[in-house]
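Open the model in your viewer and keep the selection tool at hand. We will move from stop to stop, choosing a few residues each time.

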Amino acid sequence: MKKIDAQALRLATAGGGKIYIETYGCQMNVGDSEVVLSIMKDNGYERTEYIDNADVILINTCAVRDNAEQRIWGRLFEMRAVKRRRGWVMVGIIGCMAERLKEELMEREQVVDLVVGPDSYRSLPDLVRTAATGGKAINVMLSHEETYAEISPVRTDKNGVSAFVAIMRGCNNMCSYCVVPYTRGAERSRSFETIINEVRNLFERGYREVTLLGQNVNSYMDGQVGFAQLLRAVAEISPLLRVRFATSHPKDLSDEVINVIASYKNICRSIHLPAQSGSNVMLQVMNRKYTREWYLERISAIKKSIPECSVSTDLIAGFCGETEQDHADTLSLMNEVGYEFAYMFKYSERPNTKAARTMADDISEDVKTARLTEIINLQNELSLASNKRDIGKVFEVLVEGQSKRSAEQLFGRTSQNKVVVFDGRGAKVGDYVDVVVNSCSSATLMGEVV
Ligand code: SAH
Ligand code: SF4
Ligand code: F3S
């Protein structure tokens with residue numbers, strides 16, 4: 001039994017109090033934190049951005065690679081100091097690591113009061129009350145139906161311009177290296193109507209960009225409505241609303257979706273199409289269900305219909321059994337596609353995945369590091385080359401905020417999802433401005449309003 005003080009008693013009886021939330025991992029987690037804040041708000045809680053004011057601290061976690069989890073363990077160690085300083089505060093772990101490790105999170109550091117997985121956020125208010133009276137507060141049930149469809153998320157973006165909108169949850173793909181199907185459960189789509197209502201409402205409140213989110217948005221299906229139809233309907237809400245989406249699985253990116261993007265100017269010219277590897281042998285053992293040739297055909301289809309489209313990817317270095325030739329195939333794929341941007345990782349074995357159960361994690365840490373470094377260096381060259389090609393061109397930029405470097409400078413993004421820093425000239429956050437690019441680095445374009 002834990003010590004119960006007045007603060008805990010208040011949470012246990014009336015509910016309410018201040019909640020602080022910290023988010024790690026992917027955009028899905030950012031969206032989920034907003035759902036959690038909404039559920040808690042409806043139960044009398046108020047959000048605080050200061051950890052020292054909080055009655056309840058929630059950490060929304062990621063389990064995709066070991067280093068993501070190590071970061072959370074480090075944070076939990078720091079939470080012990082926070083608890084000591086505060087006398088009493090509730091610490092909850094939610095998200096993918098909560099789903100993966102369950103009770104272990106409570107046992108190991110003796111600092112966690114609450115463990116809640118991604119499909120159980122509706123039970124948070126009850127579980128906070130349970131934890132406040134020293135009860136065992138854990139819910140890691142996965143669901144086949146939960147999409148939090150009607151919940152209107154409390155937005156945590158800083159600018160009031162771009163918002164994430166979850167359109168589906170879970171994943172059925174079972175890539176052999178990946179823990180996500182285990183932490184987020186089976187794939188399910190949110191209702192078309194609630195998505196459209198949410199986006200409309202965002203637009204009316206001044207938002208100018210939405211990113212439709214799912215682990216594999218191309219397999220969205222609500223009754224007869226697939227992703228192409230959803231994308232079209234969202235784009236038609238207003239030509240002033242930019243539409244992005246992530247992530248597309250290469251095996252499911254259809255011509256129909258490419259055609260919808262091509263026919264709406266406000267659907268952004270940027271597709272995130274994770275390849276993972278350029279080697280057919282690796283793609284096969286990864287269970288990605290496409291070949292290098294299929295992938296390259298999809299890239300040609302994109303470039304043919306939308307020549308100005310940027311393409312980004314995720315790549316894994318040093319997966320089980322990866323040879324020098326496999327690695328060279330990844331480098332050559334990168335060159336062939338000419339990616340604008342990439343997220344690049346060393347393979348990290350995740351317990352209980354197919355790879356962990358049946359394949360040897362046999363590439364040494366040194367070789368993984370060396371291959372990853374080569375991949376990163378090549379991507380820097382490709383990004384720089386792509387940015388240099390933009391010099392002299394004019395882009396429509398949606399203004400997102402003030403540049404960190406100088407108060408007179410603003411930053412925003414092109415339709416291709418490239419960051420542009422430029423002189424403000426009276427433009428405001430949320431405006432569209434035409435910017436001519438004058439110079440660049442591998443990460444940023446610099447320009448001025450025309
Ligand atoms: N659903 C998305 C992204 C899921 S996780 C997709 O399929 O593309 C984001 C990225 O993390 C993956 O694309 C992959 O590149 C990487 N990743 C997933 N599991 C990993 C692991 N065990 N080790 C290293 N990288 C991993
Ligand atoms: Fe993981 Fe593959 Fe699903 Fe992406 S598609 S979340 S990599 S299992
Ligand atoms: Fe996202 Fe990490 Fe979970 S990448 S889905 S938060 S394991």
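The tour below visits two sheets, two helix pairs, three ligands and two backbone details.

**Before you start**

This is a predicted model, in which local features need pLDDT of at least 70, side-chain atom pairs count only at pLDDT 80 or more, and totals for chains, interfaces and linings use all residues. Residues are numbered from 1 along each chain as its sequence is written, chains are lettered from A and ligands numbered from 1 in the order in which they are written, and side-chain values use heavy atoms, with hydrogens and water left out.

**Stop 1: the six-stranded sheet**

Show the cartoon and find the open sheet whose six strands follow the order S2-S1-S3-S4-S5-S6, with parallel pairing. Helices (H or I, at least four residues) and strands (E, at least two) are DSSP runs, numbered from the N terminus; two strands pair if DSSP finds at least two bridges between them. Strands of a sheet pair through backbone hydrogen bonds, either parallel or antiparallel.

Now colour the edges: strand S2 (45-47) and strand S6 (137-139) each have a single partner strand, so one side of each is left without a neighbour in the sheet. On average, neighbouring strands here are turned by 25° against each other, direction ignored. For angles like this one, axes are lines fitted to C-alpha atoms, for helices over the stretch in contact, and angles run from 0 to 180 degrees between N-to-C directions.

Next select residues 56-61 and 90-95, which are strands S3 and S4, running parallel and joined by six bridges. Threonine 61 has glycine 95 in S4 as its bridge partner. Add helix H3 (residues 66-86): this helix lies across S1 (17-23), S3 and S4, and runs at about 175° to S3.

**Stop 2: ligand 3, then ligand 2**

Select ligand 3 and show what surrounds it: Cys26, Asn29, Cys62, Ala63, Val64, Cys96, Arg184 and Gln215. A residue is near a molecule or strand if one of its heavy atoms lies within 4 Å of it. By class, this shell around ligand 3 has five nonpolar, two polar and one charged residues. In that count, Ala, Val, Leu, Ile, Met, Phe, Trp, Tyr, Cys and Pro are nonpolar, Asp, Glu, Lys and Arg are charged, and the others, Gly among them, are polar.

Move to ligand 2, where the surrounding residues include Cys171, Cys175, Cys178, Gln215, His249 and Arg288. The shell around ligand 2 has seven nonpolar, three polar and one charged residues.

**Stop 3: ligand 1**

Which residues come nearest to ligand 1? Of the 15 around it, they are Arg65, Gln215, Gln276, Asp314 and Ser348. Switch on distances for three polar contacts (pairs of N or O atoms within 3.5 Å; within protein, one must be able to donate a hydrogen and the other to accept it, and residues adjacent in sequence count only if both atoms are side-chain atoms).

- Glutamine 215 has a polar side-chain atom 2.8 Å from a nitrogen atom of ligand 1.
- Glutamine 276 places a polar side-chain atom 2.6 Å from an oxygen atom of the ligand.
- Serine 348 has a polar backbone atom 2.7 Å from a nitrogen atom of ligand 1.

**Stop 4: the three-stranded sheet**

Look for the open sheet with the order S14-S15-S16, again paired in parallel. Strand S14 (270-272) and strand S16 (341-346) are its edge strands, each pairing on one side only. Neighbouring strands of this sheet are turned by 15° against each other on average, direction ignored. Strand S15 (residues 310-317) pairs with S16 over six bridges, and threonine 313 stands opposite alanine 342 in S16. Helix H15 packs on this sheet, touching S15 and S16, and its direction makes about 175° with that of S16; contact means heavy atoms within 4.5 Å.

**Stop 5: two helix pairs**

Keep H15 (residues 365-389) and add H13 (residues 324-337): their axes come within 10 Å and cross at roughly 10°. That makes H13 roughly parallel to H15, a label for angles under 35 degrees, while over 145 is roughly antiparallel, 65 to 115 roughly perpendicular and the rest oblique. Among the residues in contact are Leu331 and Met334 of H13 and Ile375 and Leu378 of H15.

Then select H9 (residues 227-235) and H10, whose axes come within 9 Å and cross at roughly 10°. This pair, too, is roughly parallel. The residues in contact include Phe227 and Leu231 of H9 and Val257 and Val260 of H10.

**Stop 6: two backbone details**

Most residues other than glycine have a negative phi, and most peptide bonds are trans. Zoom in on the peptide bond from alanine 246 to threonine 247, which is cis, with omega near 5°. Threonine 247 lies in the loop between strand S13 (242-246) and helix H10 (255-263). Finish at tyrosine 148, where phi is positive, near 50°; this tyrosine is in the loop between S6 and strand S7 (162-166).
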